[in-house]
Amino acid sequence: MMKYLQRLGKSLMLPVACLPAAGILMGIGYWISPAVMSGQGDPNVIAFFLVKAGGALIDNMAILFAIGVALGMADDNDGTAALAGIVSWLMVQMILSPGVVAVLSSIDVAAVNPAFGKINNQAIGILCGLIGASCYNRFKNTKLPDALAFFSGKRCVSIVTAVISLVACLVLFFIWPIVYSGLVAFGESILGLGPIGAGIYGFFNRLLIPFGLHHALNSVFWFDVAGINDLFKFWGTVDGAVYGQTGMYMSGFFPFMMFGLPAAALAMYHTAKPSKKKTAYGLLFAAALCAFFTGVTEPLEFAFMFLAPGLYLVHAILAGICMLVVAMLPVRSGFWFSGGFVDWLLSIKAPMAENPWLIIPIGLVVGVIYYVIFRFVIKKFNLKTPGREDDDVEEAEVTLSNNDFTQVAAIVLEGLGGKDNITGIDNCITRLRLEIKDYTLVNEKKIKSAGVAGVIRPGKTSVQVIIGPKVQFVADEFKKMCK
């Protein structure tokens, strides 16, 4: 299971890499014109352009996940799987849209469960990607009768995906409203707990981020679902604000978004393997800047939540504690977009702002705590955060002794018992990762005669051949031979 989650996390790196730039564009736009954020007055055209450009990606994270997961979880990373992921996504979004649900249920659109208005989320994107990848892996080599030969192989994947997605829609039609409504009810149940409730909310807000379901919980506290309307009351756009209380469910986000997560990124960078620090820096620095500046934390959180789920749980606990402590203090700040520096600066003069400058010293303390705990946990449990994955063992400098990639692939294939013994082919930065049927057919001596650096057998049906940085060329030839 852990191996599957790590592979899923690796698959998410492709779409996640798109997000830091989007967050920075949005942040610059908000800097130029606060009107873009608040919706009050005519926005600056350049600011509007930048915010919309960044929002094109941030607002469509679910689609990016559907594509990235489908491509990354496919056996051979073929683009057909990505197409299948999009097919599944489009099917689910159309069938479970409020308008279609209204017709299927023979009710007015206004009476449709609000859950179907939130079907466009990361959890559904990941689900659709997994459906697309599973259908591709299972049916990519399907052979049909001559009359239907055109649809054999990869051409049948999208058709099968559409059918499976219809079944998924049927299940979600009944399950999704229960899940969504349950989260809303949970949020309403903790309203009377004061600062403790804010802490519980912060914990579950982070815990639900991987599934894209945090919006259901946010709607209870930030908007008028249960009469709190924390966000609009803080900015004075509606009545009912109470100085010192309003903003309780937003203020605690600033310290861990502006300081905690960037400090966590620094801890991950410092614990990365020396040969991969440069690569880790590129991802972590951009994501940390994005979190501090705009409060868009997903690029950083998705960088480790699936690679090291235990560490993400630690993050959720720390976020909850941060929310609890800030709610207990005479500190109130609010946002229109998220808990980043831009929103904090703009909220200083808001009607319900209370000692907003204290966010900075609180955040610095939170940053130190995040750094110390993240660094300790990563090292103590050898967690596979960016730059520490198994793929990154000290093999980067391995040199393949034979540069005839076709010959190397042929010898390795022979040593593995031939193509009939191969059930799965993948590769990482330095290794050819293979799944086999019969481990007794593997001849390690034969494989090593190809000039490879070594052979690892982590399980009865798994073999890893250490090739070095030229592994992609060998993998390409190997895949051709196994068709």
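## Pairing strands

Two strands pair if DSSP finds at least two bridges between them. Keep that rule in mind as you look at this predicted model, starting with strand S4.

Valine 455 stands opposite valine 465 in S4. Valine 455 belongs to a partner strand, S3 (residues 454-459), which pairs with S4 in the antiparallel sense over 4 bridges. To get from S3 to S4, the chain passes through a hairpin of 2 residues. S4 also has S2 (residues 431-436) as an antiparallel partner, joined to it by 5 bridges. In that pairing, leucine 432 is the residue opposite valine 465.

## Inside and outside of S4

Is strand S4 largely enclosed or open? Strand S4 covers residues 462-466, and 5 of its 5 residues are buried, so the rest of the structure largely encloses it. Its side chains point two ways: Ser462, Gln464 and Ile466 to one side, Val463 and Val465 to the other, and all are buried.

Threonine 430 gives you another buried spot to find. This residue sits in the loop between strand S1 (422-427) and S2. With a relative accessibility of 1%, threonine 430 counts as buried. Threonine 430 and isoleucine 467 are 37 residues apart in sequence, and their C-alpha atoms are 5.7 Å apart in space.

## The whole chain

Now step back and take in the full chain. How many helices and strands does the protein chain have? The secondary structure comes to 22 helices and 4 strands. The chain has 483 residues, and 53% of them count as buried.

Contacts tell you how the chain folds back on itself. Among contacts between residues at least 6 apart in sequence, 73% join residues at least 24 apart. As for the outside, the accessible surface of the chain is about 21100 Å², and 67% of it belongs to carbon and sulfur atoms.

## A nonpolar patch

Next, look at the surface. Val167, Leu170, Val171, Phe174, Ile175, Ile178 and Val179 form a nonpolar patch there, and together they have about 650 Å² of accessible area.

One of these residues, phenylalanine 174, is found in helix H9 (residues 157-189). Is phenylalanine 174 buried or exposed? Its relative accessible area is 52%, and exposed means over 50%, so phenylalanine 174 is exposed.

## Cysteines without a bond

A disulfide is a covalent bond between the sulfur atoms of two cysteines. How many disulfides are there in this model? The count comes to 0.

Cysteine 169 shows why. Its closest cysteine sulfur, in cysteine 128, is 7.6 Å away, and a disulfide needs sulfur atoms within 2.5 Å, so the two are too far apart for a bond. Cysteine 169 is buried, with a relative accessible area of 2%. Cysteine 322 also counts as buried, at 6% relative accessibility.

## Salt bridges

Side chains of opposite charge can pair when their charged atoms come close. In this model the count comes to 5 salt bridges. Here are some to look up in the structure.

Aspartate 78 forms a salt bridge with lysine 154, where the closest N and O atoms are 2.7 Å apart. This pair links distant parts of the chain, 76 residues apart: aspartate 78 is in the loop between helix H5 (61-73) and helix H6 (79-95), while lysine 154 is in the loop between helix H8 (122-139) and H9. Aspartate 78 counts as buried at 19% relative accessibility, because the cut-off for buried is under 20%. Lysine 154, by contrast, is partly exposed, with a relative accessible area of 33%. Another salt bridge joins glutamate 414 and lysine 446, with 3.7 Å between the closest N and O atoms. That pair also links distant parts of the chain, with glutamate 414 in helix H20 (residues 405-415) and lysine 446 in helix H21 (residues 444-448), 32 residues apart. Lysine 446 counts as partly exposed, at 29% relative accessibility.

Finally, the side chains of lysine 480 and glutamate 477 meet in a salt bridge at 3.5 Å, N to O. Both residues lie in helix H22 (residues 471-481), 3 residues apart, about one turn of the helix. Which of the two is exposed, and which is buried? Lysine 480 counts as exposed at 53% relative accessibility, whereas glutamate 477 counts as buried at 18%.

Notes
Residues are numbered from 1 along each chain as its sequence is written. This is a predicted model: local features need pLDDT of at least 70, side-chain atom pairs count only at pLDDT 80 or more; totals for chains, interfaces and linings use all residues. Side-chain values use heavy atoms; hydrogens and water are left out. Buried means under 20% relative accessible area, exposed over 50%, partly exposed in between (1.4 Å probe, protein chains only). Contact means heavy atoms within 4.5 Å. Accessible areas come from the Shrake-Rupley method with a 1.4 Å probe; for residues, only the protein chains shown count as cover. Patches are made of residues with over 30% relative accessible area and no salt bridge: like charges are joined within 9 Å, nonpolar side chains (Val, Leu, Ile, Met, Phe, Trp, Tyr) within 5 Å. A salt bridge is a side-chain nitrogen of Lys or Arg within 4 Å of a carboxyl oxygen of Asp or Glu.
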